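Me: I have a structure open and want to learn how to read it. Where do we begin?

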Amino acid sequence: MKKRPIWTGMIALVFLLSIFLVACGGKEGGIKKDTGNSLIYGRGADSKKLDPIQVTDGESLQVTQMIYDTLVQYKDENTEVQPGLAEKWENSADGKVWTFHLRKNVKFHDGTPFNADAVVFNFERWMDKNHPQHKGGEFTYYPDMFGGYKGDSTHVINKVSKVDDHTVKFELNRPLGPFLANIAMPPFAIGSPEAIKKDPEKFNENPVGTGPYKFVEWKKNDTITLEKNPDYWVKGLPKTDKLIFKSIPDNTARFNALKSGDIDLMNGMNPTDAPQVEKDSKLQLFKQQGMNVAYLSFNMKKKPFDNPKVRQAISYAVNKEGIIKNFYAGLAEPAINPYPSFMMGYNKDVKEYEFNLDKAKQLLKEAGFEKGLKLKLHAPQDPRPYLPNGKKVAEFLKEDFKKIGIDAEIVTAEWKTYQDQVKSGQHELALYGWNGDNGDPDNFLYVLLDKNNAREKDASNISYYMSEEVHKLLVEAQSTVDQKKREELYKKAQEIIKKDAPWVPLVHATVPVAGKKELKGFFPHPTSGYKLYKVSR
Amino acid sequence: MLAYTVRRLFMLIPVLVGMSIITFGIVHMIPGDPAQTIAGEKATPQRVEEIRKELGLDEPLYIQYGSYAKGLLQGDLGKSMTTKRPIGEEIGPFLAATAELVFAAMFIAVFFGVNLGILSSWRQNSWFDYSAMMIALIGVSIPVFWLGLMEQWLFAQTLDWLPSNGRLDPRIQMEPITYFYVIDTILYGDTEVLWDAVKHLILPAVALATVPMAIIARITRSSMLEVMRSDYIRTARAKGLSEFWVVYKHTLKNASIPVLTVIGLQLGTLLGGAVLTETIFSWPGVGRYLYTAIGERDYTVVQSGILIVATIFVIINLIVDLIYAWIDPRIQYGKK
């Protein structure tokens with residue numbers, strides 16, 4: 001043992017030598033170094049699954065959108081619908097029958113043809129819980145957008161059938177206002193029936209679609225690599241040979257990676273970093289219209305928030321401009337209605353509760369809280385695109401509340417716990433928000449403020465706002481395809497909602513996306529689902 | 001020595017059983033509902049209830065633990081609730097990624113820590129000693145995430161010497177063999193990719209190494225100082241041995257017990273606790289795997305993952321204890 005330093009050194013040497021010897025005989029072919037024309041997109045989280053119907057998170061859907069196509073799709077910059085796998089479509093006079101004419105000569109990545117059978121197969125798999133391939137996970141978006149599964153009394157789609165090889169007919173039980181907008185959503189993308197039948201459980205990890213890119217490799221928590229589909233049905237697309245999604249969880253680290261040139265484009269940026277991007281000659285800033293809303297919810301099940309005067313009083317005590325200036329670096333618009341002004345049926349005429357502490361005090365007095373009021377204010381710990389710093393916003397609100405005699409105690413939790421708390425109505429006041437899916441007002445008003453969604457557990461109407469009047473308007477707007485009429489109904493609903501004040505709508509956040517200066521063809525889409533296949537340098 | 005080893009191995013059994021109960025218990029105390037998480041934000045309450053049944057979450061806790069423990073005994077760590085894949089299979093690459101990072105960090109920490117400590121003790125109260133201990137103090141107190149971001153800013157962004165994150169250039173596709181990228185690239189005999197893997201390893205390893213390096217340096221110094229005052233060192237010097245030999249052979253050997261303890265503890269801690277470094281450098285390691293699982297309320301992954309990490313920690317400590325006995329035969333704990 002005396003000569004240990006020497007023999008440990010020798011062991012190390014032998015080890016290195018043996019590795020070197022193995023290396024000389026090196027294995028072949030396991031490494032591919034294709035550093036050609038690729039685009040690296042940095043994002044905050046990894047995908048969960050790659051079967052589009054089985055995910056609800058934006059990061060998963062961003063990837064599936066590159067691998068699959070939907071029958072109809074959104075335009076580059078807004079949520080107007082344009083042809084996708086269907087070239088054209090028509091709707092019957094009563095709004096209950098939709099006929100789609102499919103694009104010809106389109107093939108899935110596995111070489112099988114895309115046709116009416118494929119469309120029918122996918123919809124049957126989603127809607128029918130007894131379908132042999134209704135497997136692999138949850139099909140959450142389907143019942144959410146189409147009123148339930150096959151056999152449920154509320155299910156909207158009665159039948160999907162093949163008319164001929166390139167024509168599909170949807171027969172509905174009742175007209176559905178946002179039907180086309182729903183069909184365009186990325187979860188309803190058409191996958192290869194052959195691949196799904198082969199192994200519906202593993203389809204999650206081996207996606208096969210008709211989209212601009214083919215799936216190559218998924219290193220969990222790290223990268224997803226896609227390669228160009230040379231047979232894509234739009235000539236000249238995609239623009240790059242490879243598309244790589246790289247997860248970098250920390251916002252600042254991701255921004256560092258962009259500045260170092262390790263990635264080409266990034267989402268989930270701190271709004272406060274945006275001015276730096278604008279100053280940097282190697283970078284460019286894209287400002288995405290915020291199809292979202294951050295709001296302060298009153299739990300109307302709890303006293304005294306069942307009293308409209310209390311809700312209105314607090315509405316007058318919220319300084320939206322201050323919040324935008326301090327926590328969004330100016331990248332937001334004050335929210336007056338539950339959804340942003342560029343969407344259909346926005347009511348410009350509703351009267352805003354301006355920031356006015358005297359009025360707030362007056363209303364509190366009228367409500368019988370002259371001596372003040374104690375309340376709990378829930379705020380999320382983790383950043384969301386619509387609410388980058390919930391806790392700070394809560395502290396900011398607390399200061400103004402103090403001036404009108406409200407003593408707010410801030411309660412905060414990690415995101416999952418937070419969601420569980422507010423969705424089961426454990427809060428009194430809570431900061432929360434929503435990212436729009438499809439650009440239809442129904443996706444905001446019905447989801448967030450209809451009494452049907454004020455469930456005991458897992459509510460999406462977390463204010464437990466039970467207005468019958470609003471419910472009638474929203475259901476009527478949902479069941480008609482006459483867009484003029486829908487607009488009128490939504491305008492009316494916004495008026496009532498403003499008066500009842502179940503929320504204080506705070507802001508519609510502009511989402512900053514940053515990329516290298518030389519990138520062309522990037523459109524920051526309001527749904528946050530970007531057409532990365534159009535990006536070139 | 002053999003008897004001691006066997007006895008220590010037997011003592012592992014109650015520890016492991018205790019750990020499995022604790023991880024199981026803690027995980028079930030996390031607020032939140034895994035069934036809800038699996039069903040997705042937009043699912044109906046009925047569906048959530050169905051999933052709860054499917055997963056056996058409606059059973060009493062002791063029955064759930066019973067079936068879990070039975071599986072463990074058969075080497076079955078369970079399946080991930082979210083991905084539905086066996087955890088034993090899924091966790092491998094993440095463990096390897098963390099191990100590679102931790103070994104690199106420990107190499108840096110031990111090499112620099114031990115030598116700084118030795119030099120400081122040798123030249124006690126010199127300017128070298130003062131500045132080295134000052135650096136060590138800063139190293140112990142520095143927040144890892146801040147250091148990581150600063151490294152990225154300096155070495156990746158400003159100087160452009162090293163990549164800012166990840167394990168490999170994302171444009172390189174490599175079919176992993178051992179999932180230790182440095183070893184894999186050597187096995188493939190591709191020096192260019194090897195260099196790329198090493199370059200990716202440097203910044204996170206240095207960030208992760210700072211704290212243990214500082215602790216090791218401080219412990220080495222104080223331990224060395226104590227031994228240097230002993231009589232046999234004076235004898236060694238009097239014999240006319242060279243100073244290098246006195247310090248690195250005679251002093252270090254006897255001073256190494258506390259140093260080894262710290263190295264062992266730090267190694268164990270880093271294996272499970274590299275999550276901050278992994279997050280900043282988007283290193284797909286086991287810390288982030290578990291962190292994500294906690295966020296998704298993936299009970300099975302969290303409990304089995306923590307159990308694996310804890311087991312590794314216990315085993316490393318065991319190895320350290322055995323090394324003590326080997327270095328210093330006077331140590332035979334509990335021997336009557």
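Reply: With the interface between the chains. About 5300 Å² is buried between chain A and chain B, and carbon and sulfur atoms give 52% of that area. Buried area is the accessible area (1.4 Å probe) that two parts lose on being put together, summed over both. In chain A, the residues that lose the most area to chain B are Ile31(A), Glu138(A) and Asn221(A), together 12% of what that side buries.

Me: What should I know about the model and its numbering?

Reply: The model is predicted: local features need pLDDT of at least 70, side-chain atom pairs count only at pLDDT 80 or more, and totals for chains, interfaces and linings use all residues. Residues are numbered from 1 along each chain as its sequence is written, chains are lettered from A and ligands numbered from 1 in the order in which they are written, and side-chain values use heavy atoms, with hydrogens and water left out.

Me: How many residues does each chain bring to the contact?

Reply: Contact means heavy atoms within 4.5 Å. Chain A brings 62 residues and chain B brings 57.

Me: How many salt bridges cross the interface of chain A and chain B?

Reply: A salt bridge is a side-chain nitrogen of Lys or Arg within 4 Å of a carboxyl oxygen of Asp or Glu. The rule finds two across this interface. One salt bridge pairs Arg85(B) with Glu205(A), their closest N and O atoms being 3.8 Å apart.

Me: Now the domains of chain B. Where do they lie in the sequence?

Reply: Domain bounds come from an automatic or database domain assignment. Chain B has domain 1 (2-88) and domain 2 (90-295). Their centres, taken over C-alpha atoms, are 33 Å apart. Seven residues of domain 1 and five of domain 2 make the contact. The area buried between these two domains is about 450 Å², 47% of it from carbon and sulfur atoms. The salt-bridge count between them is zero.

Me: And how do I read a sheet?

Reply: Strands of a sheet pair through backbone hydrogen bonds, either parallel or antiparallel. Strands (E, at least two residues) and helices (H or I, at least four) are DSSP runs, numbered from the N terminus. Two strands pair if DSSP finds at least two bridges between them. In chain A, six strands form an open, mixed sheet in the order β15-β19-β14-β18-β16-β17. Its edge strands are β15 (332-334) and β17 (406-413), each pairing on one side only.

Me: Which way do β15(A) and β19 of chain A run?

Reply: Antiparallel, joined by three bridges. Pro334(A) has Val507(A) in β19(A) as its bridge partner.
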